[in-house]
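Thanks for coming, everyone. I'll put a chain up on the screen and talk you through what I looked at.

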Amino acid sequence: MSNLLHRLAPTNALRALRPEDTPRVTTMELFFDLVYVFTIIQLSHYLLEHASWLGALEYVTLFAAVWWAWNYTAWAANWVNPDHPSGRGLMIVLMGCALLMAVAAPQAFSERAELFAFAYVAMALIRAGYMALVFRGHVMGQNYAQLGAWSAISGLFWILGAFIAPARLELWIVAVLIDYAAPYFGFWLPGKGATPMSSWTLKGLHLFERNQLIFIIALGESILLLGGYLVSHEIHLDTGAAALIGFLLIVTLWWIYFVDLSEPGEHRFEHATDHTSLARAGLAYAHGVAVCGAIVTAVAIEMIVAHPHDAIHAETAIIAFAGPSLFLLGCTIFHRVTAERLRGLYLLAVAALAGWGWLALSLHLNGLWLGAGVLMIMVAMAALGHRKAG
């Protein structure tokens with residue numbers, strides 16, 4: 001048994017780092033992220049094809065699972081060396097599970113529910129089990145064992161939802177709530193207690209870079225949807241104008257994130273002592289909201305470019321509001337955590353987006369007007385935020 005453990009999960013698969021070192025992002029991690037290019041495409045198309053309140057709730061549930069699977073893998077790679085043969089094997093196995101989730105996503109609430117649920121649960125248990133073994137004899141081993149127990153509890157609801165179709169959405173929402181609540185309860189178990197955040201020896205700058213890269217992938221989905229539509233349709237003046245609005249909106253999201261937020265975020269991680277608490281709130285949760293917003297924004301751009309002169313429907317107005325607003329709310333949480341103050345300008349922009357969406361719908365404005373108004377609000381906020389930061 002000892003020899004088997006040494007082969008499957010050798011302790012030297014952990015990164016050999018001094019306290020002051022920051023792990024570098026490896027090519028294996030970048031290779032793993034390629035699956036999420038496809039996954040995000042699947043999620044955006046799901047929302048496009050299910051633009052309703054029920055479809056939106058299903059999309060959020062699927063996104064929550066996809067994001068948590070990526071997030072926990074990024075955290076694991078903070079400690080495990082993805083270039084070690086054992087670590088590389090782990091990443092490849094998890095990559096395969098993530099690919100199955102992406103393949104199942106379009107029919108996750110119908111004929112491929114079992115594939116989605118089993119792939120997600122397998123990914124969670126394999127990752128936690130491997131980490132508990134590779135950290136055997138250390139506090140982190142116990143931490144991951146307790147994380148694995150919470151994953152098993154949520155996994156029960158994922159599997160039940162896969163087989164009980166009438167209650168699938170409700171059961172999966174419960175599973176998501178368990179997964180997302182677990183870190184705030186410290187993965188508490190009877191007789192074991194909670195795992196103190198101080199015992200998770202995280203290197204925050206590595207994880208921050210990983211989150212920046214996945215956000216770039218989310219923005220890339222906007223480019224893919226926009227470019228894909230323009231390739232397959234004739235480009236007229238109205239289509240070109242809508243495409244320009246969409247492109248500038250993508251640039252604005254990039255600007256707000258990387259010009260307004262990245263520098264203070266990096267500064268905080270460089271000087272903070274408790275990287276784990278900072279990363280939990282500022283990356284695991286805040287970045288999830290921002291990435292979700294970027295994907296929804298991609299859907300809004302597609303809807304506007306496809307129907308630039310048609311009077312907008314309620315779903316178009318809501319999605320055009322929800323995408324940038326979710327992005328800004330994620331940025332608000334991140335800025336509150338890293339800069340330790342509330343960026344009221346972001347919340348003001350969310351209110352302005354809500355007002356513009358309601359006005360555009362009430363006046364039966366077309367997609368061009370809706371998109372132009374959203375763009376103006378975001379550009380104004382980016383300009384004011386940059387001036388204030390400077």
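I'll start with the overall fold, then go to the salt bridges, and finish with a helix, a loop residue and a surface patch.

One thing up front: this is a predicted model, so please keep that in mind throughout.

Okay, the fold. The chain has 13 helices and zero strands. If you read the elements off from the N terminus, you just get α after α, right to the end. How does the radius of gyration sit against what a compact globule would give? For 390 residues the globule value would be near 21 Å, and the chain has 21 Å, so the two agree. Along the principal axes, the C-alpha atoms fill a box of roughly 70 × 50 × 40 Å.

A few more totals while we're here. Buried residues account for 55% of the 390. Take the contacts between residues at least 6 apart in sequence, and 81% of them join residues at least 24 apart. The accessible surface is about 16800 Å², and 69% of that belongs to carbon and sulfur atoms.

Now for the part I really wanted to show you, the salt bridges. As a reminder, side chains of opposite charge can pair when their charged atoms come close. There are five salt bridges in the structure, and I'll go through three that share residues.

Begin with Glu 29 and Arg 15, whose side chains meet in a salt bridge at 3.2 Å, N to O. Glu 29 is in helix α2, residues 27-49, while Arg 15 is in the loop between α1, residues 2-8, and α2, so to speak 14 residues away, and the pair links distant parts of the chain. Are these two buried or exposed? Glu 29 has a relative accessible area of 0%, so it counts as buried. Arg 15 comes out at 15%, and because the cut-off for buried is under 20%, Arg 15 is buried as well.

Glu 29 has another partner. It forms a salt bridge with Arg 210, with the closest N and O atoms 3.1 Å apart. Arg 210 lies in helix α8, residues 204-232, and Glu 29 in α2, so this pair ties together parts that are 181 residues apart in sequence. Both Glu 29 and Arg 210 are buried.

Then stay on Arg 210, which also forms a salt bridge with Asp 33, and here the closest N and O atoms are 2.6 Å apart. Asp 33 is in α2 and Arg 210 in α8, so the bridge ties together parts 177 residues apart in sequence. Asp 33 and Arg 210 are both buried. Put these together and you have Arg 15, Glu 29, Asp 33 and Arg 210 linked in a network of salt bridges.

While we're in that loop, have a look at Leu 14, which is also found between α1 and α2. What does Leu 14 touch, leaving out residues up to four places away in sequence? The list is Trp 79, Val 80, Asn 81, Val 134 and Phe 135. Leu 14 and Arg 210 are 18 Å apart, C-alpha to C-alpha, with their positions 196 residues apart in sequence.

Next, helix α11, residues 314-339. This helix has 26 residues and reaches 36 Å from first C-alpha to last, close to the 38 Å expected at 1.5 Å a residue. Right after α11 comes Glu 340, and its phi is positive, near 60 degrees.

Inside α11 we find Ala 317. With a relative accessible area of 5%, Ala 317 is buried. Beyond its neighbours up to four places away in sequence, Ala 317 touches Ile 312, Gly 357, Leu 361 and Leu 370. Tyr 180, on the other hand, is 137 residues from Ala 317 along the chain, and their C-alpha atoms are separated by 29 Å.

Last stop, the surface. Phe 118, Leu 156, Leu 160, Phe 163 and Ile 164 make a nonpolar patch of about 470 Å². Which helix gives the largest share of the patch? That's α6, residues 139-163, with three residues. Phe 118 comes from helix α5, residues 113-134, and at 42% relative accessibility Phe 118 counts as partly exposed.

That's my tour, so over to you for questions.

Definitions and conventions:
Residues numbered from 1 in each chain as written. Predicted model: local features only at pLDDT ≥ 70, side-chain atom pairs only at ≥ 80, totals over all residues. Heavy atoms only, no water. Salt bridge = Lys/Arg side-chain N within 4 Å of Asp/Glu carboxyl O. Helix = DSSP H or I, 4+ residues; strand = E, 2+ residues; numbered from the N terminus. Buried < 20%, exposed > 50% of the residue type's maximum accessible area, 1.4 Å probe, protein only. Expected span 1.5 Å × (residues − 1). Rg over C-alpha atoms; globule rule 2.2 N^0.38 Å. Contact = heavy atoms within 4.5 Å. Areas by Shrake-Rupley, 256 points an atom, 1.4 Å probe, with all protein chains shown as cover. Patch = residues over 30% accessible without salt bridge, like charges linked within 9 Å, V, L, I, M, F, W, Y side chains within 5 Å.
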